[in-house]
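Q: Could you take me through one part of this model up close? I'd like to start from a single residue and then see what lies around it and further along the chain.

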Amino acid sequence: MAIGTRGLAAAAMISVALLLLLILPSAAAAAAVPSIDATRTRHLPLPRGLLRGPESVAFDAKGHGPYSGVSDGRVLKWNGDALGWTTYTYSPGYSSAACTASVLRPETATESQCGRPLGLRFHLKSGYLYVADAYKGLMRVAPCGGEATVLVTEVDGAPLRFTNRVDVDQVTGEVYFTDSSMTYQRSQHEMVTRTGDSTGRLMRYDPRTGKVVVLQSGITYPNGLTMSADRTHLIISSTGPCKLLRYWIKGPKTGTMELFADLPGYPDNVRPDKRGGYWVALHREKNELSFGINSHLLALRISADGKIIEEMRGPKSVRPTEIMERKGGRLFMGSVELPYISVVTRKSTQIEIN
């Protein structure tokens with residue numbers, strides 16, 4: 001049966017409309033909240049070679065840094081444009097000869113031996129840096145840097161297979177961290193999402209006693225982690241389900257977990273925004289296509305009650321792992337793929353922290 005000209009035109013218009021909806025899945029949301037353009041950023045380039053993936057960003061009590069863990073297992077410190085990056089710490093077993101990547105030996109072949117630091121947090125009062133290393137477990141570094149001390153490699157007899165993020169209660173010194181899967185290691189991270197693996201754990205380490213407790217098990221891909229400004233709960237990013245979860249550590253709901261926010265993309269790390277809310281880095285959007293407009297959501301700012309109140313957009317080649325906001329309208333952006341840390345500066349008309 002023949003289709004008329006009008007029918008063909010209508011079908012074409014419908015197809016175009018559907019395609020635009022797929023290409024621009026967050027257009028409506030973009031109009032509803034302020035947006036930061038991260039198309040042009042300042043770069044803090046890593047040393048030459050095949051080094052990449054400055055995933056997490058941390059600053060010490062004096063505001064020095066950033067510090068960031070990279071693909072050869074080290075944590076580096078930024079010392080300004082003149083000096084650049086220097087080695088701050090490394091895991092036991094690290095050596096430059098064994099851990100420096102080459103064309104014939106990529107970092108994926110050595111990271112189980114050399115370590116892969118994913119989460120960094122300073123305890124500001126003591127100066128200790130806590131490191132969540134995907135393979136080595138939870139580590140601590142003395143204020144002078146140097147070789148890290150491994151604190152935790154297993155909990156309740158179960159090894160840490162994918163230690164991911166860490167945060168520190170600056171009052172008590174207690175350390176909270178995630179193990180993303182009891183089944184898969186970091187090198188198999190895509191399987192955690194693909195299979196819907198729900199063996200992740202949230203744990204607490206007490207530096208006064210050295211004891212570790214599992215606060216919550218059976219979590220689907222627990223990734224990022226941060227403590228609320230009032231220290232009553234933790235916010236955890238659940239990557240596969242595209243959600244933020246809230247785990248209560250104080251008050252009548254202590255020991256319970258609940259949904260905090262649904263997200264339009266796959267979250268990585270979550271950090272405080274210094275105003276009671278949170279910055280959540282997005283690896284990619286749910287319905288993202290490789291073609292079309294070269295722009296996607298990089299991150300969202302979430303209010304203390306779980307509402308999206310700001311967004312950051314940039315090119316699809318950038319897939320951030322963490323956003324950390326500092327004074328002067330600067331937002332430091334980590335990545336597991338790129339050979340630099342990006343610095344996005346807010347325009348004077350945009351919101352700025354004190």
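A: Let's start with H43, which sits in strand β2. Keep in mind that this is a predicted model.

Is H43 buried, exposed or in between? It is partly exposed, with a relative accessible area of 37%. Its side chain makes a polar contact of 3.2 Å with the side chain of T41. Leaving out residues up to four places away in sequence, H43 touches Y340, I341 and S342. Here's how that looks along the chain: H43 and P339 are 296 residues apart in sequence, yet their C-alpha atoms are 9.2 Å apart in space.

S342 is a handy stepping stone, since it turns up again among the contacts of L331. Neighbours within four places aside, L331 is in contact with I36, W279, M312, I323, M324, E325, S342, V343, V344 and R346. L331 also belongs to the largest nonpolar core, a set of 14 residues. Which residues have the most contacts inside that core? They are W279, M312, I323, L331, M333 and V344. Strands β22 (278-285), β23 (296-302), β26 (330-335) and β27 (340-345) each supply at least two residues of this core. Apart from that core lies another one, with 13 residues, including L44, V70, L76 and F332. As a general backdrop, nonpolar side chains in soluble globular proteins tend to be buried together.

Two of those core strands, β22 and β23, also take part in an open sheet of five strands, ordered β1-β24-β23-β22-β21. The pairing in this sheet is mixed. Its edge strands are β1 (35-37) and β21 (265-272), and each of them pairs on one side only. On average, neighbouring strands here are turned by 25° against each other, direction ignored. Within the sheet, β22 and β23 pair in the antiparallel sense, over four bridges. For one pair to click on, try A281, whose bridge partner in β23 is A299.

Now for the charges. By the side-chain distance rule used here, there are 25 salt bridges. One of them joins E55 and R165, with the closest N and O atoms 2.6 Å apart. This pair links distant parts of the chain: E55 is in the loop between β2 and β3, R165 is in strand β13 (residues 163-168), and the two are 110 residues apart. Are these partners buried or exposed? E55 is buried because its relative accessible area is 4%, and R165 also counts as buried, at 1%.

A second salt bridge runs between E174 and R208, where the closest N and O atoms are 3.7 Å apart. E174 lies in the loop between β13 and β14 (175-179) and R208 in the loop between β15 (200-205) and β16 (212-219), so this pair ties together parts that are 34 residues apart in sequence. The two ends have unlike surroundings: E174 counts as buried at 14% relative accessibility, whereas R208 is exposed at 59%.

A third salt bridge connects K253 with E258, the closest N and O atoms being 3.3 Å apart. K253 is partly exposed, with a relative accessible area of 39%, and E258 counts as partly exposed too, at 23%. Beyond such pairs, salt bridges that share partners join D273, R275, R301, E310, E325 and R346 into one network. E325 and R346 should ring a bell, as both are in contact with L331.

Finally, a few backbone oddities. Most residues other than glycine have a negative phi, and most peptide bonds are trans. Where does this model depart from that? The peptide bond from G65 to P66 is cis, with omega near 10°. P66 is in the loop between β2 (42-45) and β3 (67-69), and E55 is in the loop between β2 and β3 as well. R231 has a positive phi, near 65°, without being a glycine; look for R231 in the loop between β17 (222-227) and β18 (233-238). C242 also has a positive phi, of about 60°, and is not a glycine either. C242 is found in the loop between β18 and β19 (243-248), and at 2% relative accessibility C242 counts as buried.

Conventions. Residues numbered from 1 in each chain as written. Predicted model: local features only at pLDDT ≥ 70, side-chain atom pairs only at ≥ 80, totals over all residues. Heavy atoms only, no water. Buried < 20%, exposed > 50% of the residue type's maximum accessible area, 1.4 Å probe, protein only. Core = buried A, V, L, I, M, F, W, Y, C linked by side-chain atoms within 4.5 Å. Contact = heavy atoms within 4.5 Å. Pairing = 2+ DSSP bridges. Axes fitted to C-alpha atoms, helices over the stretch in contact; angles between N-to-C directions. Polar contact = N/O pair within 3.5 Å; in protein donor to acceptor, adjacent residues only side chain to side chain. Salt bridge = Lys/Arg side-chain N within 4 Å of Asp/Glu carboxyl O.
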